[in-house]
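User: Please explain, step by step, how this structure is organised. I shall ask about one topic at a time.

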Amino acid sequence: MIRVVLPFHLQTLANCEREVTVDVDGTVTQRSILDALEARFPMLRGTVREHVTLQRRPRVRFFAAGKDVTHDSPDDELPTSVATGSKPFMIVGAVAGG
Amino acid sequence: MTAIRVLVGTRKGAFILTSDARRNKWSVDGPYFAGWEIYHVKGSPVDPDRIYASQSSSWFGQIIQRSDDGGKTWSQPGSDDKVDEMPQGGMPQGVSNKFVYDTSEETGKPLTTHQWYDGTQHPWEFARVWHLEPSLDDPDTCYAGVEDAALFRTTDGGVTWHELAGLRGHTSGPDWMPGAGGMCLHTIVLDPENTDRIVCAISAAGAFRTEDGGRTWAPINQGLHSEYIPEPTAEVGHCVHHITAHPSNPNTLFMQKHWDVMRSDDGGDSWREISGNLPSDFGFPIAVHSHDPETVYVVPILSDSLHYPPDGKLRVYRSRAGNEEWEALTKGLPQEHCYVNVLRDAMAVDRADPCGIYFGTTGGQVYVSNNEGDSWEAIVRDLPAVLSVEVQTI
């Protein structure tokens, strides 16, 4: 069971709590977590990453077990603490603007 | 007619203002989609309970929302809270915000680039939906004008969207370039007498018309004169801000251009200027009286560099003959220290009698006149910056 923390606007979009859980088969990566998240909450498709390219949106960042993994490969294996659910995978809307 | 429903899109959510037919006591509901930019909210002419909304964010992209109960509840078409119970291969899920340019060999090429600010070619990149135009006869059909400029259509209530690529595929496409607000298709005028005829406007490419339901398009910019482009009478490149027409007279089009207020009586084949005695012919919205096809309203703005009203006075101007003679409508509007703007989709009319006129400002006010513009009052004063105003007469 993977814990995923969503930013405020995606919580309201998905009508869910700040933290949700998803199940991932196989290696736990950014990609596999986002695939599982979008399968559970289809309304989030296209919001964290582009529909077609699956590229991360520029103002979205990812943290795993407290470490910024935004620019890591989406297929890199994430820390065991995220895979076991002891630490969350965080999707964060970048602080921008005035 | 029993009620008026005003659909307001703002920088920080949508609001719904409702009144009985007298239009002097209003209730305000919202914000819906709080914190998101709501570029446009518009109801179906054939089913007023069916409303579409464009919700977007620089962080999380485009969302399409739909209500089937007059705005009380909303959902993303095709999504369902009970997704785990939905059958495989059932209704498509989570694609209602998927706007993908047509790159098919049959209809989509060559559609790969347009002109960028520096004159180089730039790939088309979807940013957001500026305008939603529900069909005049089918609540499940709706058109979407998007940035970068293209026209999309849904025929399944917003679940899926498909580009009418003939517009972007016009031979002039590679010459289109963005205006200051981006390269957006912001105006869609449907012809109630001819479902195959659609007029669109793009900043800063100009106006285009199809006569075959969107398969092929032609520029309709003859008579426009734009000093700010290299060839002022070019076939494309004009910054058209808005176009409107009365349903009973679709061949007569009124246009607010970057500068100049224009009129066409031949469906856009040719245009003539009717700016006349306006204090400024720069502005964004233009609207036609619901019962008099010759009565037109604009809101003059000082200039493209100074997006506020001349002399700090918020004035709507009305031409009773759709010509060069305009009268200022000021009663109830601030006549000093007013420096708001009124954006292109932020003015609308109801179908009550006498006709009601509505507009919203970047200062967060939504004004109504229930006497054809003779006097005004604010329904609300402190909303976020208003991006769009539409009215349903129910």
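**Core, fold and contact**

User: Which residues does B:V366 touch, not counting residues up to four places away in sequence?
Analyst: Two residues touch when their C-beta atoms, placed from the backbone, lie within 7 Å. The model is predicted, so local features need pLDDT of at least 70 and side-chain atom pairs pLDDT 80 or more, while totals for chains, interfaces and linings use all residues. Residues are numbered from 1 along each chain as its sequence is written, with chains lettered from A and ligands numbered from 1 in the order written. The partners of B:V366 are B:V6, B:V8, B:L17, B:Y358, B:G360, B:A378, B:I379, B:V380, B:L383, B:V386 and B:V389.

User: Which strand of chain B gives the most to the largest nonpolar core?
Analyst: Such a core joins buried Ala, Val, Leu, Ile, Met, Phe, Trp, Tyr and Cys residues through C-beta atoms within 7 Å; buried means that 20 or more other C-beta atoms lie within 10 Å of a residue's own. This core has 130 residues, and B:V366 is among those that touch the most other members. Strands are DSSP runs (E, at least two residues), numbered from the N terminus. With 5 residues, the largest contributor is strand 14 (residues 198-203).

User: What percentage of chain B is buried?
Analyst: In soluble globular proteins, nonpolar side chains tend to be buried together. Chain B has 394 residues, and the buried share is 53%.

User: How many residues does each chain give to the contact?
Analyst: The contact joins chain A and chain B. Chain A gives 17 residues and chain B gives 18 residues.

How values were computed
A residue is buried if 20 or more other C-beta atoms lie within 10 Å of its own, exposed if 12 or fewer, and partly exposed in between; C-beta atoms are placed from the backbone. Helices (H or I, at least four residues) and strands (E, at least two) are DSSP runs, numbered from the N terminus.
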